[in-house]
Amino acid sequence: MAPVDSEVVELIGVIYDAVVDPALWYEALDRIRTHFKLHNAILGVNRFGHEPFSMTIPVNIPEQYLALQTPEYGDEVLRLWGGADQVARYPLEEPVVLSDVIAPGTLAGNKYYRDFGEPQGLDDQVAIALTRDRRQIGNVAFGRHRDVGPVTEDVVAGLRVLAPHLRRAALITGILEEERKTRTMFEAVLSAVRSGVVIVDRRARIVYANPVAQAVIDAGDPLRNIHGRIELRGEVVAGALETAVRAAAEGDVPLGRRGIAVPGTRADGSPFVTHVLPLGDRNVRAGIPGEAIAAVFVADRDNDPQFIVDAATTIYSLTPAEARIFELIIGGHSSADIMREIPISANTLKTHTKRLFEKTGQHRRADLVRLAAKLR
């Protein structure tokens, strides 16, 4: 693995300074854009629903251009990046370069570029999705001045190192607070899950267990109660359940999924899948005491492809982009298919695939398919 630039490590520290003092977000973004010779930066979050909310943290953007942050121009920005469907495919935490994905001739015909980018001398941009679900979107983007040239691979590599820290710092400081809430009522969880359910707090302490789950706990396989905390026997990766609960507490679980899957085996060798589902908007009338953070439930062997990806992500510590590429590879997609689906450049795909091979100890795509079969 290539060594990380010491200045990039220093930037990580600057990012977490903004956790201590959110007023330092401007400085953090300014330091990042200066280090990578980027012209400007903007971190934006838009929430939808009954309490709409919009905020931006702009850096080196004149006031008259900030006035262009309107719904009309928002549609133009989406078109610039390939449309809503295309944007939805960009993985979280992965820097995406505009010049890699834009269709020829798009810039000249785009109103946002003509009114915002061109007057400021911008001819390229790199953006990172921090959150994206039905209730909100959050991104950070950096513009590149034409005098410096297009965004290069070394800039992408550096931002890739910073991306998970930007996302986590934003979560901690509450900028992406909505991502902590999955809007799942306690009763809805119980009605949707046919197996035993255990409600836990952020330290995995048992808040409530339904009768089916209590029977499993009493048997001690695979769930057990150790001094009030839920523990899991037979984890494929030791401590995976605790890690999943902590991720749920910190809002680190993408919405639109049923949670984090933790695979394991029972005492008799039979496989099981523990799902950790984050909870939000807990219903006080349900009478559930304590700080309920997540629902933990156990299912039999699961052939859902998403479980296989979850298992690989847990075992091999895959990044969101690596996990998405793994999912597409085992689904039989070619390199060309993957670059269209995400989309990313050939060099970026090559970099992610190499790291995927290194982390899993595999050497070919066929090996990854066989690995998926074992995880299944």
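On a 1 Å grid over the protein atoms alone, a cavity is a set of points where a 1.4 Å probe fits but cannot get out, and its lining residues have an atom within 4 Å of a point. The structure is a predicted model, in which local features need pLDDT of at least 70, side-chain atom pairs count only at pLDDT 80 or more, and totals for chains, interfaces and linings use all residues. Residues are numbered from 1 along each chain as its sequence is written, and side-chain values use heavy atoms, with hydrogens and water left out.

**Exercise 1.** Identify the residues that line the second largest cavity and the elements that each supply at least two of them.

*Solution.* The volume of this second largest cavity is about 70 Å³, a volume being the space filled by probe spheres set on grid points joined across faces, edges and corners. Its lining consists of Glu94, Pro95, Val96, Val97, Asp100, Val101, Glu153, Val156, Pro343, Ile344, Ser345 and Thr348. Strand S3 (96-97), helix H6 (98-101) and helix H8 (153-172) each supply at least two residues; helices (H or I, at least four residues) and strands (E, at least two) are DSSP runs, numbered from the N terminus. By class, seven lining residues are nonpolar, two polar and three charged, where Ala, Val, Leu, Ile, Met, Phe, Trp, Tyr, Cys and Pro count as nonpolar, Asp, Glu, Lys and Arg as charged, and the others, Gly among them, as polar.

**Exercise 2.** Describe the lining of the largest cavity by element and by class.

*Solution.* The structure holds three cavities of 30 Å³ or more, and the largest has a volume of about 110 Å³. Its lining includes Leu80, Tyr112, Phe116, Asp123 and Gly143. Helix H7 (111-117) and strand S4 (122-132) each supply at least two lining residues. The classes are seven nonpolar, three polar and two charged.

**Exercise 3.** Determine how helices H13 and H16 are oriented and which residues meet.

*Solution.* The axes of H13 (residues 320-330) and H16 (residues 365-375) come within 9 Å and cross at roughly 90°; axes are lines fitted to C-alpha atoms, for helices over the stretch in contact, and angles run from 0 to 180 degrees between N-to-C directions. H13 is therefore roughly perpendicular to H16, a term for angles of 65 to 115 degrees. Phe326, Ile329 and Ile330 in H13 meet Arg365, Leu368, Val369, Leu371 and Ala372 in H16, contact meaning heavy atoms within 4.5 Å. These residues divide into seven nonpolar, no polar and one charged.

Technical notes: 1 Å grid on protein atoms, 1.4 Å probe; cavity = no way out; pocket = protein on both sides within 12 Å on 5 of 7 lines; lining within 4 Å. Parallel < 35°, antiparallel > 145°, perpendicular 65-115°, else oblique.
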